[in-house]
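Welcome, and thank you for taking a look at this one with us. Below is a short tour that goes from strands to domains and ends at the ligand.

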Amino acid sequence: MEKDTKAFQRVYTKLFQLTKATVSLQAKGIGYDELAIVDGRLAQVVKIMGDMVTLQIFGGTEGIATNAEVIFAGKPPSLKVGDDLAGRFFNAYGDPMEGGEIMGEEREIGGPSVNPVRRKQPSEFIPTGIAGIDLNNALVTGQKIPFFADPDQPFNQVMAMVALRAKADKIILAGMGLTRDDYLYFKNVFDNAGALDRIVGFINTTEEPPVERLLVPDMALTAAEYFAVEKNEKVLVLLTDMTLYSDALSIVSNRMDQIPSKDSMPGSLYSDLARLYEKAVQFPDGGSITIIAVTTLSGGDITHAVPDNTGYITEGQLFLRKDSDVGKVIVDPFRSLSRLKQLVIGKKTREDHPQVMNAAVRLYADAANAKTKQENGFDLTDYDERSLEFARGYSEKLLAIDVNIDTDAMLETAYDLFNKHFKPEEVGIRQEFVDKYWKRN
Amino acid sequence: MNTIGKVSGIIANLVIVETEGTTAQNEICFIKHGDTRLMAEVIKVVGNKSYIQVFESTRGLKVGTEVEFMGHMLEVTLGPGILSKNYDGLQNDLHKMEGVFLKRGQYTEAIDVDKKYEYKVLAKEGDQVVAGSWLAEVKENWMPHKIMVPFTFKGEYTVKSIKGDGEYAPKEVIAVLTDQEGKEHKVTMVQRWPVKVPIRAYTDKPRPFKILETGIRVMDTLNPIAEGGTGFIPGPFGSGKTVLQHNLSKNAEADLVIIAACGERANEVVEVFTEFPELDDPRTGRKLMERTTIIANTSNMPVAAREASVYTAMTIAEYYRAMGLKILLLADSTSRWAQALREMSNRMEELPGPDGFPMDLSAIIANFYARAGFVYLPDGDTGSITFIGTVSPAGGNLKEPVTESTKKVARCFYALSQDRADSKRYPAIDPIDSYSKYLEYPEIAEYLNKTIDENWTSSVFKAKDILLRGKEAYEQINILGDDGVPLDYHIRYWKSELIDFVILQQDAFDKIDASSSLDRQYFMLHRTLGITEREFHFDSFEEIGPYFKRVINALKQMNYSNYESDEFHKNQKELDKILGEQEEAKSEEESVEA
Ligand SMILES: Nc1ncnc2c1ncn2[C@@H]1O[C@H](COP(=O)(O)OP(=O)(O)OP(=O)(O)O)[C@@H](O)[C@H]1O
Ligand SMILES: [Mg+2]
């Protein structure tokens, strides 16, 4: 990494202490959070005690000697923002991967939060064509929502698909611990869709030091704020994978001898993640930042500290799993939730949407009970049989991620399934909607 | 002279300051960073080192920076103009802040000092008064806002002079009081009070003896909260804590609602900002926002101010309680406050208690809940703060320090269950695990039986019993299979489902069903219990579910229609018809037997 040395920068060459992720040295006049270059590697001030300054080295401290050169930058981490960002990919430090310079204004990353009274209530529906999302968990601009998925689920594919269908002005990809293959996959899909000029990428691949990842989401969100605030654009930010980001947090906190909390994550995990996710916002002037993230699970366990804290922060989650009955990946209606959906469903979509959605999920729950019964070797009632049949149809025609239809068609499909398997009183939706939309035959 | 110190250490928002002079625990100080002043609070003192938690980002802060100690604790401003405001955790008026982004070091006036209020005098010269005595009232929104003798005044005072009716601004002197030594004290409409100290301007705090109507059936009917009572809502993420609190803030029959959004989502606060000015208060017909004040420390706002936010909210509640009002205080989520304490305690390298929380967490929570309550005021009036907090247990597991500490002090426990939320049985309050200790208070039982119906509490226990027996029957059916149990088990299970669907479940997003009056709750409980008392005749278990689903459907349609409306009665007729079928079946059976 190259950075030019300017006159006011102070240079030191005597390290007092070295750990796996940090170095300490005596230095004066240093600001908290300030950046430094230690032996050519980017570092940030994380602690000052008198004249003892501790720096966290993003690339790790391997090979750093006690006489390494330390140059303080006199400023916190920043990114140059401008229209020039569009269509380009950057590393974790905000340097273009293909080389060259960015024309733009320098901004501190991890800046202040939006005054809540200057926000607008999100109200714009983001149709994706995927019924597991649009029908049951409708997304709204300004929302923040992760996919919860085991590592073997095709979350990056689904995310790319959603991003392209979302009609965003800009898509900002923050890759943390992304495999090179997945990075190239994203590039390819966006290229094929002719969308590359709407994309900005900040990428840390598995080939790079994990601690570098800590900069990636802040870089991406700083770029997002530029487009959303200054250009009033609808920006979609993709954060993948936040579990790997959290791992980097835990590496740093463990090396700094902080008391770990649950699952060896730092006690501040909630605040650390919330700070990022809360950058999702709808501005009154039309600009917005919507965040779709990925939180990989281990064995579907959502009680692990990372998905657990995430769930408490985000506005719902989209849970992907394979439905072995129909052999497809579905958006699980029980574990998934979009908390902002009520701002649009039945308002921006047909009036009966909420009731149809709830009824279908309830019937799917009945099917789940019937299935348990069946597995325990009990006889099934006629209703059980019918709900099981319904569940198969529901899973295949609506929950599967390969569905691509508009919401009216989703509602029609739901009524078709209701009609095929149930009587209106078994479905339990408002009589007026039954009269109006339920086509009986 | 204020004590001055210099920054000697920085770890995130924990700053160490070396001073020559005196500093005090919880004293407020300001760090002079460039041309901004960053507010902070002393949380520990060792020798000449004061440990302070900064309520702002410390980015760029340097060792050697000057710090000024203010000689007082964190205080709020109390006076007319608090209602309908949106504050941050330190009571800055968010509307007065400039720009889209919150700028560090920007502090704004909590009340509108230039606004003139219509003022009516209540006391007269020569009156003997004490802290909290009402001197005058001004109109705030629609509400008479009492101007009181400042809570900091100790002992008795005599009103020497007081302004007559008129229009005055908050900071004008409206009265002069003389203390027992004959010293004069000027009083304005505004006073300041340290948030961590309870306001004790009351003469007595009895056990709560009335209930606070919330409009939520599963609370009012099954586990009512007392006016001046305490309750908490633990639940995993997405189980409905916030929706339930919002619903409470819309429908509960409180005079004022104070919402502390503590470390949660900004969009949820925006929802309140956006909707409350439009929504009608069902009781006064005015806009809901007029009775609501929001203290917002959302999760992206400075962590240290999170702790302050709940205290700020409580202090404002206590101020209005002293005016003889019925306050509902809601905090979402108290776990975020506890986590803020944990972050700080870890940074100070204190010996951690369970899960890394500070050792005194239980005591802190207990002291906070103890500030709620029903009180008698110096002038004989009454006021109350009903407090309901949410708890966000890690992994949804209730065996964790915040839930356990809260359970020791809060009298109502509204446990949200993941299973119920997953199957969309909202509000997902678990009917078996949840409780209201107030039901065991003889004075509450008496109140309920007097105001609702003489057999009310026994009906409630009957309903609870049916739910429990239904659950047992369900477990048996699951073990032995549908046809492995007598028909009666199925009937018992479906009777509990009836109560579940009709009484427990309530659609927070339906205009009509969202809130149910006590009359209506009485009617529905009676109607539903009436059905559970009937004899049913079925030939096979397969008939039972479908039949009860029709009964449930008819009752649910009643819940969805305006009480006593034509539609309501129509659905009721439908219900009678369905119930009539059983009568026919029964008489047919009997005639065959005869
Ligand atoms: N009474 C209800 N009626 C209908 N839907 C509800 C109800 N309660 C909750 N929900 C649904 O559940 C979602 C989550 O509810 P809520 O935001 O209140 O959860 P929470 O417990 O506060 O979660 P967190 O701890 O993450 O803040 C809502 O967005 C809504 O879709
Ligand atoms: Mg919530």
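Two strands count as paired if DSSP finds at least two bridges between them. With that in hand, strand 9 of chain B pairs with strand 11 (residues 134-140) of chain B in the antiparallel sense, over three bridges. Please keep in mind throughout that this is a predicted model.

**Strands of chain B**

Let us stay with strand 9 for a moment. Facing B:V121, the bridge partner in strand 11 of chain B is B:A136. Strand 9 (residues 117-121) of chain B is also joined by three bridges to strand 14 (residues 166-168) of chain B, and these two run antiparallel. There, B:Y117 has B:Y168 of strand 14 as its bridge partner.

Chain B also holds an open sheet of four strands, with the order 10-13-15-16 and antiparallel pairing. Which strands form its edges? They are strand 10 (128-129) and strand 16 (184-187) of chain B, each of which pairs on one side only. Within this sheet, strand 13 (residues 157-162) and strand 15 (residues 175-178) of chain B are paired antiparallel over four bridges. B:V159 stands opposite B:L177, a residue of strand 15 of chain B. As background, strands of a sheet pair through backbone hydrogen bonds, in either a parallel or an antiparallel sense.

**Chain A: a hairpin, domains and three residues**

In chain A, strand 2 (residues 15-18) and strand 3 (residues 22-26) run antiparallel and are joined by three bridges. A hairpin of three residues links strand 2 of chain A to strand 3 of chain A. One bridge pair here is A:L18 with A:V23, the latter in strand 3 of chain A.

On a broader scale, the domain assignment divides chain A into domain 1 (11-72), domain 2 (78-108 + 141-314) and domain 3 (353-437). How many Å separate the centres of domain 1 and domain 3 of chain A? Taken over C-alpha atoms, the separation is 61 Å.

Three residues of chain A are worth a visit. A:Q44 is found in strand 5 (residues 41-49) of chain A. Is A:Q44 buried or exposed? Its relative accessibility is 12%, and buried means under 20%, so A:Q44 counts as buried. The side chain of A:Q44 reaches the backbone oxygen of A:D33 at 3.0 Å.

A:A409 belongs to helix 10 (residues 407-421) of chain A. With a relative accessible area of 26%, A:A409 is partly exposed, because that class lies between the 20% and 50% limits. Along the chain, A:A409 and A:Q44 are 365 residues apart, and 53 Å separate their C-alpha atoms.

The third residue, A:S246, sits in helix 5 (residues 242-255) of chain A. A:S246 is buried, and its relative accessible area is 0%. A polar atom of the side chain of A:S246 lies 2.8 Å from the backbone oxygen of A:M242.

**Around ligand 1**

Finally, we come to the ligand. Why is the site of ligand 1 said to be shared between chains? Residues from chains A and B surround ligand 1, so both chains contribute to the site. There are 20 residues around ligand 1, and those that come nearest are B:G238, B:K241, B:T242, B:V243 and B:R265. By class, the shell is made up of eight nonpolar, seven polar and five charged residues.

Two helices each supply at least two residues of this shell: helix 7 (305-313) of chain A and helix 2 (241-251) of chain B. Helix 2 of chain B gives the largest share, three residues. Domain 3 (217-442) and domain 4 (456-593) of chain B both contribute to the shell, so ligand 1 lies between them.

The table lists side-chain polar contacts to oxygen atoms of ligand 1.

| Residue | Partner | Distance |
|---|---|---|
| B:T242 | oxygen atom of ligand 1 | 2.7 Å |
| B:E264 | oxygen atom of ligand 1 | 3.3 Å |
| B:R265 | oxygen atom of ligand 1 | 2.7 Å |

Taken alone, ligand 1 exposes 630 Å², and the protein buries 94% of that.

Key. Residues are numbered from 1 along each chain as its sequence is written. Chains are lettered from A and ligands numbered from 1 in the order in which they are written. This is a predicted model: local features need pLDDT of at least 70, side-chain atom pairs count only at pLDDT 80 or more; totals for chains, interfaces and linings use all residues. Side-chain values use heavy atoms; hydrogens and water are left out. A residue is near a molecule or strand if one of its heavy atoms lies within 4 Å of it. A polar contact is a pair of N or O atoms within 3.5 Å; within protein, one must be able to donate a hydrogen and the other to accept it, and residues adjacent in sequence count only if both atoms are side-chain atoms. Accessible areas come from the Shrake-Rupley method with a 1.4 Å probe; for residues, only the protein chains shown count as cover. Ala, Val, Leu, Ile, Met, Phe, Trp, Tyr, Cys and Pro count as nonpolar, Asp, Glu, Lys and Arg as charged, and the others, Gly among them, as polar. Domain bounds come from an automatic or database domain assignment. Buried means under 20% relative accessible area, exposed over 50%, partly exposed in between (1.4 Å probe, protein chains only).
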